Amino acid sequence: MAAGSPIGGIPCLLIEIVKEPVGGSAGLGFSIGGGIDQDASRNPWAPDDTGIFVTNVMPDGPAARAGLNPGDKILQANGYDLTMATHKDAIKYLTKKKEQVIRLKIFRPDILRTRGNPAM
């Protein structure tokens, strides 16, 4: 996990996840919710935000080992902008079969707290 270049002024983290075989397919070890086609008022992480959010991270899975957390907002996946994606499109970009490594740019609220004070 590393600090990434801001996207539209939003500070972000870079997380790289290597897919692992799970039941005949390659798994990332996390679930998502949200999207511009979903009811944003039901978003438990940021009410009224239509972004793509991590809803669950499988313990000891690839995403957990890479540092992904529930509540992280996914801004990009391998260069694809997910800030205005539907739920279905986000799944499509995250599960492309030809890509064994998924590079995510994510926003996490504590980035804002720690950027101003590195000692935090």
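Asp60 sits in the loop between strand 6 and helix 1. The structure you are looking at is a predicted model, and this residue is a good place to start reading it. The backbone of Asp60 has a positive phi of about 65°, although Asp60 is not a glycine. Most residues other than glycine have a negative phi. Is Asp60 buried or exposed? With a relative accessibility of 66%, Asp60 counts as exposed.

**A second residue with a positive phi**

Asp48 is also worth finding. Asp48 belongs to the loop between strand 5 and strand 6. Its phi is positive, about 75°, and Asp48 is not a glycine. Asp48 has a relative accessibility of 60%, so it counts as exposed, the cut-off being over 50%. Leaving aside residues up to four places away in sequence, Asp48 touches Ala40 and Ser41.

**The overall plan**

Now step back to the whole chain. The protein has three helices and nine strands. Reading along the sequence, you meet them in the pattern β-β-β-β-β-β-α-β-β-α-β-α. The protein has 120 residues, and 38% of them count as buried. If you take the contacts between residues at least 6 apart in sequence, 59% of them join residues at least 24 apart.

How confident is the predictor in the protein? The average pLDDT is 86, and 81% of the residues score at least 70. Confidence is lowest in strand 1 (residues 2–7), where the mean is 55. Strand 6 has the highest confidence, at 97.

**Asp72, a buried aspartate**

Next, follow the chain to Asp72, in the loop between helix 1 (62–66) and strand 7 (73–77). Asp72 has a relative accessible area of 1%, so it is buried, a label for values under 20%. Its side chain has two partners to look for. One is the backbone nitrogen of Asn69, which the side chain of Asp72 reaches at 2.8 Å. Another is the side chain of Arg108, with which the side chain of Asp72 makes a polar contact at 2.7 Å. Which residues does Asp72 touch, not counting residues up to four places away in sequence? They are Ile52, Phe53, Val54, Gly67, Ile106, Phe107 and Arg108.

**Asn43 and the largest pocket**

Asn43 is another residue of the loop between strand 5 and strand 6. It has a relative accessibility of 11%, so Asn43 counts as buried, under the 20% cut-off. The side chain of Asn43 reaches the backbone nitrogen of Trp45 at 2.8 Å. A polar atom of this side chain also lies 3.0 Å from the backbone oxygen of Asp49. Beyond residues up to four places away in sequence, Asn43 touches Asp49 and Phe53.

The table collects the side-chain distances of Asp72 and Asn43.

| Side chain | Partner | Distance |
|---|---|---|
| Asp72 | backbone nitrogen of Asn69 | 2.8 Å |
| Asp72 | side chain of Arg108 | 2.7 Å |
| Asn43 | backbone nitrogen of Trp45 | 2.8 Å |
| Asn43 | backbone oxygen of Asp49 | 3.0 Å |

Asn43 also leads us to the empty space in the model. Rolling a probe the size of a water molecule over the atoms shows where such space is left. How much space lies in the largest pocket? The value is about 180 Å³. The largest pocket is lined by 15 residues, and the closest to its centre are Gly33, Gly34, Arg42, Asn43 and Pro44. Strand 5 (30–34) and strand 6 (52–57) each supply at least two residues of the lining. Sorted by character, the lining residues are four nonpolar, eight polar and three charged.

**Ile91 in helix 2**

One last residue to visit is Ile91, in helix 2 (residues 87–94). Ile91 has a relative accessibility of 37%, so it counts as partly exposed, in between the 20% and 50% cut-offs. Where along the chain is Ile32 relative to Ile91? The two residues are 59 residues apart along the chain, and their C-alpha atoms are separated by 8.1 Å.

Technical notes. Residues are numbered from 1 along each chain as its sequence is written. This is a predicted model: local features need pLDDT of at least 70, side-chain atom pairs count only at pLDDT 80 or more; totals for chains, interfaces and linings use all residues. Side-chain values use heavy atoms; hydrogens and water are left out. Helices (H or I, at least four residues) and strands (E, at least two) are DSSP runs, numbered from the N terminus. Buried means under 20% relative accessible area, exposed over 50%, partly exposed in between (1.4 Å probe, protein chains only). A polar contact is a pair of N or O atoms within 3.5 Å; within protein, one must be able to donate a hydrogen and the other to accept it, and residues adjacent in sequence count only if both atoms are side-chain atoms. Contact means heavy atoms within 4.5 Å. On a 1 Å grid over the protein atoms alone, a cavity is a set of points where a 1.4 Å probe fits but cannot get out, and a pocket is an open set with protein on both sides within 12 Å along at least five of seven lines; lining residues have an atom within 4 Å of a point. Grid points are joined across faces, edges and corners, and a volume is the space filled by probe spheres set on the points. Ala, Val, Leu, Ile, Met, Phe, Trp, Tyr, Cys and Pro count as nonpolar, Asp, Glu, Lys and Arg as charged, and the others, Gly among them, as polar. pLDDT is the predictor's confidence in each residue, from 0 to 100.
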